[in-house]
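The following exercises are to be worked with the sequence and the coordinates at hand. Each task is followed by a solution in steps.

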Amino acid sequence: MFSKKVIWSVLLISAFLIVGIGCAQKKNVDTIVIWHWMMDRQDAFSELAQKYKEKTGTTVEFKLFFPPDIYSQKVIAAARAGGLPDIFGILGERKTLASFIKAGHMVNITSFMEENGREWKKRFYPQTLELVVFSDTNTYDVSPGIYGVPIDTTIMQFIYNRSLFKGAGLDPDTPPETFGDFITYAQSAQKALGVNGFVCGWGEGWLLNALAVEWAINTMGEERFLKTIDGQIPYTDREWIKVFSLFQTLKESGILASNIATMTNKESEDAFSKGKAVFSFNGSWAVNVYAQLAPELDYAFFPLPKVSQEHPIKVWGGAGSSFMVNAKSFHKEKAIQFLKWLTSKEQQEFFIRKTNNLPAIRECEDALSPLLKSLLSKFGNLTHPDTWERNEDSRVIEVMNRGLQQIVMGVKSPQEVAGEIQRTKERVSRR
Amino acid sequence: MNLSLTEKTTNFSFIFPALLIFSIFYIYPFFYTFILSFQEYDLISPPTFIGAINFQDLFSDQGWWKSIYNGAFITLWALTFQNILALLLALAVDKIIRLKKFYRVVFFILPVLSEIIIGLLMKQLLISEPTGRDVFNHFLENAGLGFFAQNWLGAEKVRLVTAWVHCWKGFGWAFVIFLAGLQSIPEQLYEAARIDGAGAWQSFRRVTIPLLMPVITLILVLTILGTMQAFAMILALTGGAGGETTVPVMIIYNHLGNRLAGLACAEGIVLGIILVAVSFTMFFISKKIREKYGVLPG
């Protein structure tokens, strides 16, 4: 006979195990679940989901996970645990997307894109679709195909405050074209109005990196830039030193906000919207941010101030948000049908009107504000790491971003930073 | 004592849930971290064994050693400035002043607040305006100390200011532990010392310090462990400031974010080894001091 103690022990252990096992999430089999990180777009998504339910009877649930860091961790953890939703987005470089595809988490939707005379595929701007396409010659060892559905796009541009331009006696319709003009204009406005010349969230390295890449491509051309990534040209090359020196020139010109190297993009957007700086560098999403922070703000975008006439300017952009279909989802077909509906003209127009973003598909120009419409003209000249055949190692980018912050803080010279980047490049290449 | 199988099973069944949780959440991750440090792993694809390459990479990474230096710099400030301040305040609250309970609560508010809140709050105070006219400088100017006003989070001061903010946030912990230690010293010892003709300084040196030595050791070790692993407050305050305030956990966090999980694990292990070595050294030094003072190791 077992004693009471043994019986109680067995009961306790059983209860413990039952509670643990019983924690599994219940799933509604009829609902398409979508995970995303875009807080500013949640309301628009919910309205679209409601509209879709009324039209088809299918329930779509958009689940927001914020901030983006947390979202990324959640998606990776869910992928490992086999718990990805029907549709999800990927944040991160092309290598991440490739890893997800190789691990069998994403549906190759090429056949859906190309059915009915490629009707779905033709809707998109080629630049937006390029980010989710892996070609036959891709270096990531991914089966060629289309693996995602872009829902919007972004472009990085310089921005200027037109009211401050007027106040400083500058022509508000003539933004600076060259790097020299840019500094002169910023200094004039700074002197006349006592505001900052330039403000940007350079505490977040990626904004520095985007600008450095644009100036590098303008300085040495895209081919030589990509050769650096391939390891054929060192970062200590004089053209790279020239690029890094631009940041030193900015520092020495006195136009940078004093705390620019620790400033977040949110702080920079806040400062620019309050008229505390003449210039900023930001993405097209800023239109929505400024509309909320300062609806009366009079500003305009302008292209990268040129540092060389020899090579064309490339605009950092094309990478917006994309949705992918979970290869293990029970609702693959339904999920794809929903994404097809979401990227139709009517829905895209609703979406961009509501969120002030650039569309992923063509023929939505009428729904755009004049500011956003002005950015569409840049679509033919975009560049983004996710469209390059090879990407720089994240550790090299990390050292570059940190080095650029050190230059604008006056801690290191362009030569020192170039040396550190090159040493890191050589170190990671040996792995 | 000989126990029957049934009794052994019964006893084991009571510790089984705790043992299971401990194994899953502590022992398994510990060994898994160690295994991952010898692998290349992007958290999605299967890991690949690469030997000690992550460690080689780490030892030749200037950024990593700079972060260790930054962590050590802040730790040095915390060990000295923060703990001396905490001890002085604990002595004051214990012996001298009234409103003891009020001060206990006041000094303990800061450690209770979230590190992110402290970081963001201090950032707002130090650099709330991009034009440079921040709240703290404004206060200095109004107080007639305008000559002190400067860019507090600029290249020259950012590391020092980060250390000060860390100490300001952290001294409450040490204060509470010091106070508990001081209150455990029997009053009779001070009375005996007074009868023997000891002054305040001699009582402090010959009674308080020796009897407080186990507490001091504990605080020093906790300070080292806590400060070398500081992260959230610094991230919110400076974001690393071009490597000037980048601390080891920030590097580990960034590498995990870039899905270099193997490298991040190697960094975690090296940091862990450094901290264990420093902690044991502190225990050893403290034991020697206690022996010198004639107090048995506690």
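**Exercise 1.** Locate A:N116 in the secondary structure of chain A, and decide whether this residue is buried or exposed.

*Solution.* In this predicted model, A:N116 belongs to helix 5 of chain A, which spans residues 110–123. Its relative accessible area is 63%. The cut-off for an exposed residue is over 50%, so A:N116 is exposed. The backbone should be inspected next: phi of A:N116 is near 55 degrees, a positive value in a residue that is not glycine. Most residues other than glycine have a negative phi.

**Exercise 2.** Determine phi of B:R259, and state where in chain B the residue lies and whether it is buried or exposed.

*Solution.* B:R259 has a positive phi of about 60 degrees, and it is not a glycine. The residue is in the loop that runs between helix 11 (248–257) and helix 12 (261–293) of chain B. With a relative accessibility of 7%, which falls under the 20% limit, B:R259 is counted as buried.

**Exercise 3.** Find the geometry of the peptide bond from A:F66 to A:P67.

*Solution.* Omega is near 5 degrees, and the bond is cis. A:P67 is placed in the loop between strand 2 and helix 3 of chain A. Most peptide bonds are trans.

**Exercise 4.** Describe the surroundings of A:N357.

*Solution.* First, the position: A:N357 is in the loop between helix 14 (345–355) and strand 14 (358–359) of chain A. Second, the accessibility: at 1%, the residue counts as buried. Third, the side chain: A:N357 makes a polar contact of 3.1 Å with the side chain of A:T355. Finally, leaving aside residues up to four places away in sequence, A:N357 touches A:D40, A:R41, A:D152, A:W285, A:I352, A:L368 and A:L372.

**Exercise 5.** Classify the aromatic pair formed by A:F45 and A:F62.

*Solution.* Over all chains, the structure contains 55 aromatic pairs. In the pair of A:F45 and A:F62, the ring centres are 4.5 Å apart and the planes differ by 5 degrees. Planes under 30 degrees apart count as stacked, so this pair is stacked. A:F45 is in helix 2 (residues 42–56) and A:F62 in strand 2 (residues 59–64) of chain A, 17 residues apart. Both A:F45 and A:F62 are buried.

**Exercise 6.** Identify which ring lies under A:R94 and which under B:R159.

*Solution.* A:R94 lies over the face of A:F134, at 4.1 Å from the ring centre. In chain B, B:R159 is over the face of B:F73, at 5.9 Å from the ring centre.

**Exercise 7.** Characterise the interface between chain A and chain B by its area, its residues and its polar interactions.

*Solution.* Begin with the area: about 3700 Å² is buried between the two chains, and carbon and sulfur atoms give 53% of this. A:T262, A:R427 and A:R431 supply 18% of the area that chain A buries against chain B, more than any other three residues. Next, count the residues: 42 come from chain A and 49 from chain B. Then turn to the polar interactions: there are 12 residue pairs in polar contact between the chains, and four salt bridges cross the interface. B:D57 and A:R395 meet through their side chains in a salt bridge of 2.7 Å, N to O. Lastly, assign the elements: helix 16 of chain A gives the most to the side of chain A that touches chain B, with seven residues.

Methods
Residues numbered from 1 in each chain as written. Chains lettered and ligands numbered in written order. Predicted model: local features only at pLDDT ≥ 70, side-chain atom pairs only at ≥ 80, totals over all residues. Heavy atoms only, no water. Phe/Tyr/Trp six-rings, centres within 6.5 Å; stacked < 30°, edge-to-face > 60°. Helix = DSSP H or I, 4+ residues; strand = E, 2+ residues; numbered from the N terminus. Buried < 20%, exposed > 50% of the residue type's maximum accessible area, 1.4 Å probe, protein only. Lys NZ or Arg CZ within 6 Å of the ring centre and 35° of its normal. Contact = heavy atoms within 4.5 Å. Buried area = accessible area lost by both parts, 1.4 Å probe. Polar contact = N/O pair within 3.5 Å; in protein donor to acceptor, adjacent residues only side chain to side chain.
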